[in-house]
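Me: I have a structure open and want to know how the inside is put together. Can you walk me through it?

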Amino acid sequence: YQKGALMKQLLSIIAHNSPGVLSKITGLISRRGYNIDSLMSGTTEKPGYARLTITVDADDRTVDQISRQVEKISEVEKITVLKKETSALRSMLLIKVHAGDKRMEILQLAAAFRSHAIDITGDSMTFVNTGSEDKLHAFVNALRRYGIVEMVQTGVVALARGDEALILDGSRYEWPEQYDTVGGK
C-alpha cells in the first residue's frame with residue numbers, strides 16, 4: 001500500500017449534506033497540491049449528514065495537516081484518518097466484456113472471483129464485483145483476454161473494524177432550520 005515515501009491515506013469525514021460542502025473539501029485538498037486518488041460520498045445513519053471517504057497519497061505529517069485544515073470547514077463535523085490494517089475497505093466494479101461463445105468460461109471465471117452477472121445481452125456480459133482494490137484489479141486483468149467493452153470502479157468506502165466508530169452525537173454549531181439535519185429537516 002506504500003508508494004515511494006508516500007502512503008495511501010484514508011480520510012473518513014462526516015459533514016452536513018449541504019450544497020457545496022464536497023466542493024469545499026476537495027478544493028481545499030487540491031489547492032494544497034494534493035491529488036485525491038479516490039472519493040466516495042454517501043448517506044449516513046443520521047439524516048442530513050454525508051460520510052466521505054477520501055484517499056490521498058501523503059505522509060503522516062501531511063495527512064495530519066490536511067485533516068486539521070478540513071476540520072476547519074464549518075460543515076465538517078468529524079474527521080479521522082483510518083488505517084488500512086484496522087479498517088474494512090471495499091470498492092465496487094461494474095465491467096462489461098465481450099463474451100461471444102465464451103459465456104460459460106467467463107461465468108466460471110467470475111464465480112471464482114465471487115462476481116455476479118447482472119446483464120447478459122447480445123454478445124456482452126456485465127458483472128458487478130465488490131472487494132479490495134487488489135481483488136478488483138485481478139478480476140479486471142483476468143477478463144482482459146476476452147475484451148473489456150467498458151468498466152467503472154467506485155472509490156474506496158471504509159469503516160473502522162470492531163467497536164471503534166466515527167459517531168456524531170450532535171452538531172458543533174447551531175444551524176438555521178433548513179440545515180437542522182439532526183431533526184431531519
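Me: Which residues have the most contacts inside the largest nonpolar core?
Reply: Leu11, Ile13, Ile25, Ile29 and Val70, in a core of 18 residues. A nonpolar core here is a set of buried Ala, Val, Leu, Ile, Met, Phe, Trp, Tyr and Cys residues joined through side-chain atoms within 4.5 Å. Buried means under 20% relative accessible area, exposed over 50%, and partly exposed in between, with a 1.4 Å probe and protein chains only. This is a predicted model: local features need pLDDT of at least 70, side-chain atom pairs count only at pLDDT 80 or more, and totals for chains, interfaces and linings use all residues. Residues are numbered from 1 along each chain as its sequence is written, and side-chain values use heavy atoms, with hydrogens and water left out.

Me: Which elements give two or more residues to this core?
Reply: Strand E2 (6-16), helix H1 (21-31), strand E4 (49-58), helix H2 (60-71) and strand E5 (76-82). E4 gives the most, with five residues. Helices (H or I, at least four residues) and strands (E, at least two) are DSSP runs, numbered from the N terminus.

Me: Back to Ile13. Where is it found, and is it buried or exposed?
Reply: Ile13 is in strand E2. Ile13 counts as buried because its relative accessibility is 0%.

Me: What is Ile13 in contact with, leaving aside neighbours within four places in sequence?
Reply: Its partners include Ile25, Leu52, Ile54, Val70, Val76 and Leu166. Contact means heavy atoms within 4.5 Å. With the same neighbours left aside, Ile25 is in contact with Ile13, Leu52, Ile54, Val70, Ile73 and Val76.

Me: Which residues are in the other core?
Reply: That core lies apart from the one with Ile25 and has 15 residues, among them Val97, Phe113, Phe139 and Val140.

Me: New topic. How many aromatic pairs does a search of the whole structure find?
Reply: Two. Rings of Phe, Tyr and Trp (its six-membered ring) pair if their centres lie within 6.5 Å; planes under 30 degrees apart count as stacked, over 60 as edge-to-face and the rest as tilted. Phe113 and Phe139 form a tilted pair, 5.1 Å centre to centre with 45° between the planes. Phe113 is in the loop between helix H3 (103-112) and strand E7 (116-121), and Phe139 is in helix H4 (residues 133-143), 26 residues apart.

Me: Why does Phe113 count as buried?
Reply: Because its relative accessibility is 18%. For Phe139, also buried, the relative accessible area is 0%.

Me: And why is the pair of Phe127 and Phe139 edge-to-face?
Reply: Because the planes of Phe127 and Phe139 are at 90°, with the ring centres 6.2 Å apart. Phe127 lies in strand E8 (residues 124-131) and Phe139 in helix H4, so this pair ties together parts twelve residues apart in sequence. Phe113, Phe127 and Phe139 form one aromatic cluster.

Me: Last one, strand E6. Which side chains point to the buried face?
Reply: In E6 (residues 87-98), Ser87, Leu89, Ser91, Leu93, Ile95 and Val97 point to one face and are buried. Ala88, Arg90, Met92, Leu94, Lys96 and His98 point to the other and are not buried. In a regular strand the side chains alternate between the two faces of the sheet.

Me: How many bridges join E6 to E8?
Reply: Eight, and the two run antiparallel. Two strands pair if DSSP finds at least two bridges between them. The bridge partner of Met92 in E8 is Thr130.
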